[in-house]
Amino acid sequence: MKQLYLVLLLIIVLGCKKNPEKSIGQEQDWFLLMEKTACFGTCPVYIAWVNASGELTYKGDSFVPKAGTHEFQIKAEEVDLIYELVHSTDFFSLKDRYNGDMTDLPTVYFTFNDGTKEKRIMNYYGGPESLKTLENAFEKIVFDYLDQ
């Protein structure tokens, strides 16, 4: 069901381009940073950062496809997808922290700056599904570039 939701969202996002010369995600200056922390197992530990121009920087630490710092230029469609997913979460209205009575999970930190304001969210456990969708989509884009 999650995959169907993501595919439908992707179709909607890519079908809604207003200006073919400038993508939706490139209309303003913004960036998204996602950091995944360690767990007691083999959870990937890395930081990934992308901006409105599609510049993607990744720094892999452990249990990742590639360690070290890598830079990529991602496609406009991928910039749009990330931008739309951030906005579909209603990012600035979310809580700053999502904790739960769980142990041994990685923590995911998101920092989003829309060019006028910035917010950081800690998601250990219990965040909204839209935040998990953003995490999965962004991670897929990052790891796809690492595989090239």
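These legends accompany several close-up views of a predicted model.

**View A. An antiparallel strand pair, β2 with β3.** Strand β2 covers residues 45-51 and strand β3 covers residues 55-62. Six bridges join the two strands. Tyrosine 46 has glycine 60 of β3 as its bridge partner. Three residues lie between the strands of this hairpin. Glycine 54 takes a positive phi there, near 85°.

**View B. The hairpin of β3 and β4.** Strand β4 spans residues 68-73 and runs antiparallel to β3. Six bridges hold this pairing too. Glycine 60, the partner of tyrosine 46 in the β2 pairing, stands opposite glycine 68 in β4. Five residues separate the two strands of the hairpin. In the turn, phenylalanine 63 has a positive phi of about 55°.

**View C. The disulfide of cysteine 39 and cysteine 43.** The structure holds one disulfide. A disulfide is a covalent bond between two cysteine sulfur atoms. Here the S to S distance is 2.0 Å. The link is right-handed, with 95° about the S-S bond. Buried means under 20% relative accessible area. Cysteine 39 has 18% relative accessibility, so cysteine 39 counts as buried. Cysteine 43 has a relative accessible area of 17% and is therefore buried.

**View D. Tryptophan 30 paired with tyrosine 83.** Nine aromatic pairs occur in the structure. In the pair of tryptophan 30 and tyrosine 83, the ring centres lie 5.5 Å apart. The planes meet at 40°, and the pair is tilted. Distant parts of the chain are linked here, 53 residues apart. Tryptophan 30 sits in the loop between α1 (2-15) and β1 (31-36). Tyrosine 83 belongs to helix α2 (residues 76-88). Both residues are buried.

**View E. Phenylalanine 92 paired with phenylalanine 112.** The ring centres are 5.7 Å apart and the planes stand at 50°, so this pair is tilted. Phenylalanine 92 lies in the loop between α2 and β5 (97-98), and phenylalanine 112 lies in strand β6 (residues 108-113). The pair therefore ties together parts 20 residues apart in sequence. Phenylalanine 112 is buried, at 0% relative accessibility. Phenylalanine 92 is partly exposed, with a relative accessible area of 28%. Lysine 117 lies over the face of phenylalanine 92, 4.6 Å from the ring centre.

**View F. One aromatic cluster.** Trp30, Tyr83, Phe91, Phe92 and Phe112 make up the cluster. The tilted pair of tryptophan 30 and tyrosine 83 and the tilted pair of phenylalanine 92 and phenylalanine 112 were shown in the two preceding views.

**View G. The surroundings of methionine 122 in strand β7.** The strand covers residues 118-123. At 8% relative accessibility, methionine 122 counts as buried. Neighbours within four places in sequence are left aside here. Methionine 122 is then in contact with Asp96, Arg97, Tyr98 and Asn99, and also with Thr107, Val108 and Tyr109. Asparagine 99 is 23 residues away along the chain from methionine 122. The C-alpha atoms of these two residues are separated by 8.1 Å.

**View H. Helix α3, residues 129-146.** The helix has 18 residues. From first C-alpha to last, α3 reaches 26 Å, close to the 26 Å expected at 1.5 Å a residue. Buried residues of α3 include Leu131, Leu134, Phe138, Ile141, Val142, Phe143, Tyr145 and Leu146. Glu135 and Glu139 are also among the buried residues of this helix.

Note on methods:
Residues numbered from 1 in each chain as written. Predicted model: local features only at pLDDT ≥ 70, side-chain atom pairs only at ≥ 80, totals over all residues. Heavy atoms only, no water. Helix = DSSP H or I, 4+ residues; strand = E, 2+ residues; numbered from the N terminus. Buried < 20%, exposed > 50% of the residue type's maximum accessible area, 1.4 Å probe, protein only. Contact = heavy atoms within 4.5 Å. Phe/Tyr/Trp six-rings, centres within 6.5 Å; stacked < 30°, edge-to-face > 60°. Lys NZ or Arg CZ within 6 Å of the ring centre and 35° of its normal. Expected span 1.5 Å × (residues − 1). Disulfide = S-S within 2.5 Å. Pairing = 2+ DSSP bridges.
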